[in-house]
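Visitor: Hi, could you walk me through a structure? I'd like to go through side-chain contacts and anything odd in the backbone.

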Amino acid sequence: MERGKAEEPGEAGEAAMRQHSPANSHSSGATTMTEGASVPTEGAAAAAAVAGPGNGPGLAYSAADEEKRRGVRRMKTTATGLLLLVALVYVLAKWAQSSGAGAWTGYVAAAAEAGMVGALADWFAVTALFRRPLGLPIPHTAIIPTKKDQLGVSLGEFVGENFLSADVVRRRLRAVGLGSRLGAWLAEPDHADRVTAELSTALRGALTVLRDSDVQAVVGEAITRRADAVEIAPGLGKTLDNVVSDGGHHRVVDLVCVRAHDWLVEHADSVMDAVEGGAPGWTPRFVDRKVGERVYRELLRFVTEMRDMPEHPARGAIDRFLTDFAADLQSDGDTRARVERLKSEILGRSEVQDVIASAWSSVRAMIVSAAEDERSELRLRVRAALLSLGARLSTDPVLRRKVDGWVEGAAVYVVTTYRSEITSLITDTVAGWDAEHTSKKIEAHIGRDLQFIRINGTVVGSLAGLAIYAVSRALGA
């Protein structure tokens, strides 16, 4: 990168972390200029490092990452120091060899020379993973920054093929034995209480989120549509016919007669006044009074006889009327049509719609109250059902197999139907990461181990060079 240009977002985050690492805590409260960009100190710098614009979605560069980078730098220093050491040994060995110090100098020089070659080769290999060595545009270098998207695609395909296949999911779930574990867990009273409490909380939350007006509209529309779709006259006629056949209506008639008799006894004057009020104006008052008293006595006698005589003709007339009406409700087209029109008129009235809609408020209040009360019948029944389910899962192998089959089927459906969406989460997330920042983050996590490759290359190269030189000398002799 040219000096004078603003650093890439990932580099700015790294610079901010370096500026405000514990080793540079003396800069607290100040603002440091980095490559022409102002970098806030302390908490602001940490926030910028974690959520900088170049970090990409889901990728955060934390203080722990910076600590790992410091470890990587220490190992780089060690590996480079070892390279410089073998280079110095090589120079000294060659000098000693030219000075005639003895045959041993050739062995030391050969080992040091091979160690340098091994160290340089491994340095090139390790560096080529994250950047271009010495900034040279050598092919197949800076592999992670340049191949980041391809690596994301490969990782997504690997996960999809090896973790999200139907066979893998079924085999794993079958090995887990979810049904037996769930049964043993639910059979514990404390666990059943916990699940009941969580379900109650979820139910209250769902009812709180729902708007009453929306639910009332849905409930009202559903009830109205259902009532309109079903003809009620035949059902009413059949029910009425059964009631009349069993004599169930007799109690209603008895109650009406008793109430009518009691009302007439208590309101005798009102009845006679009503009769007198309806008389012609030219009749004498005493005649109107006599007529009113006679009408009242006959009416009271009629109601009393109906009340006291089960075989009264009026009761028989009521039985015949109800029987005929029940038959008409089931078979007479005109009667059925009138009932349907009456039903539609009743359902269409605003008062009825308000009653239907307000039923939701009552139901919701009842459910919320039951969910909040630990001793409510609802929660007790749910708890008992969970305990019963746990006991059955623990003892019934058929039920366990069914539960395991349901879970396996659901899991397989999800992973096979939405596998591309799941794997795209990996590929899209990796594609959104900043290449430079991704390279530095990966290097922070695995770079320390990679530096051991350089050290091992130096040591192994020295030993290999020494062995080759020794064999060559032996064969030459």
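Guide: Happy to; we'll go through charged pairs, aromatic rings, a few helix residues and some backbone angles. One thing up front: this is a predicted model.

Visitor: Good to know. Let's start with charges: how many salt bridges does a search of the whole structure find?

Guide: The search finds 13 salt bridges. A good place to look is helix α14, residues 285–308.

Visitor: Okay, which residue does Arg294 form a salt bridge with?

Guide: Its partner is Glu298, and the closest N and O atoms are 3.4 Å apart. Arg294 and Glu298 both lie in α14, four residues apart, which is about one turn of the helix.

Visitor: Are those two buried or exposed?

Guide: In between. Arg294 counts as partly exposed at 49% relative accessibility, and Glu298 is partly exposed too, with a relative accessible area of 32%.

Visitor: And what does Glu305 pair with?

Guide: Glu305 forms a salt bridge with Arg301, where the closest N and O atoms are 2.9 Å apart. Glu305 and Arg301 are separated by about one helical turn because they sit four residues apart in α14. Glu305 has a relative accessible area of 26% and is partly exposed, while Arg301 is partly exposed at 40%.

Visitor: Which residues are linked in a network of salt bridges?

Guide: Arg294, Glu298, Arg301 and Glu305 are linked in one. As general background, side chains of opposite charge can pair when their charged atoms come close.

Visitor: What about Arg307, which residue does that one bridge to?

Guide: Arg307 forms a salt bridge with Asp308, with 2.9 Å between the closest N and O atoms. Arg307 is partly exposed at a relative accessible area of 30%, and Asp308 is partly exposed at 47%.

Visitor: Switching to rings. How many aromatic pairs are there in the whole structure?

Guide: A search of the whole structure finds four aromatic pairs. One of them is Tyr107 with Tyr469: the ring centres are 5.0 Å apart and the planes are at 85°, so the pair is edge-to-face.

Visitor: Where do Tyr107 and Tyr469 sit in the chain?

Guide: The pair links distant parts of the chain. Tyr107 is in helix α4 (residues 104–130) and Tyr469 is in helix α21 (residues 435–476), 362 residues apart. As for accessibility, Tyr107 is partly exposed with a relative accessible area of 29%, and Tyr469 is partly exposed with 22%.

Visitor: Got another pair for me?

Guide: Sure, Tyr413 and Tyr418 form an edge-to-face pair, with 6.5 Å from centre to centre and 85° between the planes. Tyr418 counts as partly exposed, at 40% relative accessibility.

Visitor: Now a single residue: where is Thr423 found?

Guide: Thr423 is in helix α20, residues 419–432. At 14% relative accessibility, Thr423 counts as buried.

Visitor: What does the side chain of Thr423 reach?

Guide: The side chain of Thr423 reaches the backbone oxygen of Ser420 at 3.1 Å. Leaving out residues up to four places away in sequence, Thr423 touches Gly156, Gly160 and Leu164.

Visitor: Which residues of helix α8 are buried?

Guide: In α8, residues 178–186, the buried ones are Gly179, Gly183 and Leu186. They cover an arc of only 75° around the axis, so they are on the same side of α8.

Visitor: And what do those buried residues pack against?

Guide: They pack against three helices: α9 (189–209), α18 (377–395) and α19 (397–417).

Visitor: Last topic, the backbone. What is the phi of Leu134?

Guide: Leu134 has a positive phi of about 60° although it is not a glycine. In general, most residues other than glycine have a negative phi.

Visitor: Where is Leu134 found?

Guide: Leu134 is in the loop between α4 and α5 (143–146), and Leu134 is exposed, with a relative accessible area of 71%.

Visitor: How about His140, what is its phi?

Guide: His140 has a positive phi of about 60° and is not a glycine either. His140 lies in the loop between α4 and α5, and with a relative accessible area of 73%, His140 is exposed.

Key
Residues numbered from 1 in each chain as written. Predicted model: local features only at pLDDT ≥ 70, side-chain atom pairs only at ≥ 80, totals over all residues. Heavy atoms only, no water. Buried < 20%, exposed > 50% of the residue type's maximum accessible area, 1.4 Å probe, protein only. Helix = DSSP H or I, 4+ residues; strand = E, 2+ residues; numbered from the N terminus. Arc of directions from axis to C-beta. Contact = heavy atoms within 4.5 Å. Phe/Tyr/Trp six-rings, centres within 6.5 Å; stacked < 30°, edge-to-face > 60°. Polar contact = N/O pair within 3.5 Å; in protein donor to acceptor, adjacent residues only side chain to side chain. Salt bridge = Lys/Arg side-chain N within 4 Å of Asp/Glu carboxyl O.
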